[in-house]
2 protein chains.
Amino acid sequence: MTCFADTPEPPYYAVIFTSTRTAGDHGYAEMAENMLRLAARQAGFLGFESAREELGVSVSYWADLDSIRRWKADIAHREAQRLGRAVWYSGYRVRISKVEHEYGMDSSK
Amino acid sequence: MTCFADTPEPPYYAVIFTSTRTAGDHGYAEMAENMLRLAARQAGFLGFESAREELGVSVSYWADLDSIRRWKADIAHREAQRLGRAVWYSGYRVRISKVEHEYGMDSSK
């Protein structure tokens, strides 16, 4: 099911992760699923939105910078980051940003 | 060609636009191409990264909030926003955020 991250009133934080993949899976899909499950258990996790064509664009939402720092330092996540640099990604950007304003529409509501 | 937005040193702004589409194209692909071309000509535009699966995740980067406001008020863009709400999107979120930190990797460099 597709759904938008159910984020609270701003301010909160967004980690914008854009990436290009190397060829082949090499355990990537399983890792991505595991990391999302782990991230969702972290204190301060607010949601996740993602899509990939040739470029992958993923945004995770967090309550504050400390939550982001703790997740970046998580042992399992650090190993995934290491494999990401070594095996899965040909390039990536991480942009840490503070969401100041949010609005939207749901025509189903 | 896939490429990352060549953004400057932070701070700058990111508009995170996530959306779900209605069925059929109805001029969507042409509009999306036109809007990106128009946006890229606006003062303060810094870049664009996008992917769509069932959920579309697009991020445009801007020098400051005034550039974002001017682009939101652009006549052609306002018409596209109106058609987006009426025809193309079943739902969307717009999150305006200030990028505070950026890092990354290019294994080709």
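The following exercises, each with a worked solution, concern a predicted model with chains A and B.

**Exercise 1. Symmetry of the two chains**

Determine which turn and which shift lay chain A on chain B, and name the relation that results.

*Solution.*
Step 1. Two copies of a chain are related by a rotation about an axis and a shift along it.
Step 2. For chain A and chain B, the turn is 180° and the shift along the axis is 0.0 Å, with an RMSD of 0.0 Å. That is the relation of a two-fold axis.
Step 3. The interface can then be examined. Of the interface residues of chain A, 100% are also interface residues in chain B, so the copies meet through the same surface.

**Exercise 2. Architecture of chain A**

State how many helices and strands chain A contains, and in what order the elements run.

*Solution.*
Step 1. Chain A holds three helices and four strands.
Step 2. Read from the N terminus, the order of the elements in chain A is β-α-β-β-α-α-β.
Step 3. The contacts show how distant parts of the sequence are joined. When contacts in chain A between residues at least 6 apart in sequence are taken, 76% join residues at least 24 apart.

**Exercise 3. Dimensions, burial and surface**

Establish whether the radius of gyration of chain A agrees or disagrees with that of a compact globule, and describe the surface of the chain.

*Solution.*
Step 1. For 109 residues, a compact globule would have a radius of gyration near 13 Å. The value for chain A is 14 Å, which agrees.
Step 2. The C-alpha trace of chain A spans about 40 × 30 × 20 Å along its principal axes.
Step 3. Of the 109 residues in chain A, 41% are buried, the criterion being a relative accessible area under 20%.
Step 4. The exposed area of chain A is about 5900 Å², of which carbon and sulfur atoms supply 52%.
Step 5. Chain A carries 14 positive and 15 negative charges, and the mean positions of these two sets are 8 Å apart.

**Exercise 4. Backbone geometry**

Identify which peptide bond in each chain is cis, and which residue other than glycine has a positive phi of about 50°.

*Solution.*
Step 1. Most residues other than glycine have a negative phi, and most peptide bonds are trans.
Step 2. In chain A, the bond joining A:Pro10 and A:Pro11 is cis, with omega about 5°. A:Pro11 belongs to the segment before β1 (12-21).
Step 3. In chain B, the bond from B:Pro10 to B:Pro11 is likewise cis, with omega near 5°, and B:Pro11 is placed in the segment before β1 (12-21).
Step 4. A:His26 is not a glycine, yet its phi is positive, at about 50°. The residue A:His26 sits in the loop between β1 and α1 (28-41) of chain A.
Step 5. For B:His26, phi is positive and near 50°; B:His26 lies in the loop between β1 and α1 (28-41) of chain B.
Step 6. Exposure requires a relative accessible area over 50%. A:His26 is exposed at 54%, and B:His26 is exposed at 53%.

**Exercise 5. The setting of B:Tyr61**

Locate B:Tyr61 in chain B and decide whether the residue is buried or exposed.

*Solution.*
Step 1. B:Tyr61 is part of strand β3 (residues 55-62) of chain B.
Step 2. The relative accessible area of B:Tyr61 is 0%. A residue counts as buried under 20%, and B:Tyr61 is therefore buried.
Step 3. B:Lys98 is 37 residues from B:Tyr61 along the chain, and their C-alpha atoms are separated by 9.6 Å.

How values were computed:
Residues are numbered from 1 along each chain as its sequence is written. Chains are lettered from A and ligands numbered from 1 in the order in which they are written. This is a predicted model: local features need pLDDT of at least 70, side-chain atom pairs count only at pLDDT 80 or more; totals for chains, interfaces and linings use all residues. Side-chain values use heavy atoms; hydrogens and water are left out. Copies are superposed by least squares on the C-alpha atoms of residues with pLDDT of at least 70 in both. Contact means heavy atoms within 4.5 Å. Helices (H or I, at least four residues) and strands (E, at least two) are DSSP runs, numbered from the N terminus. The radius of gyration is taken over C-alpha atoms; the globule rule is 2.2 Å times the number of residues to the power 0.38. Buried means under 20% relative accessible area, exposed over 50%, partly exposed in between (1.4 Å probe, protein chains only). Accessible areas come from the Shrake-Rupley method with a 1.4 Å probe; for residues, only the protein chains shown count as cover. Lys and Arg count as positive and Asp and Glu as negative; His and the chain ends are not counted. The place of a charge is taken as NZ of Lys, CZ of Arg, CG of Asp or CD of Glu.
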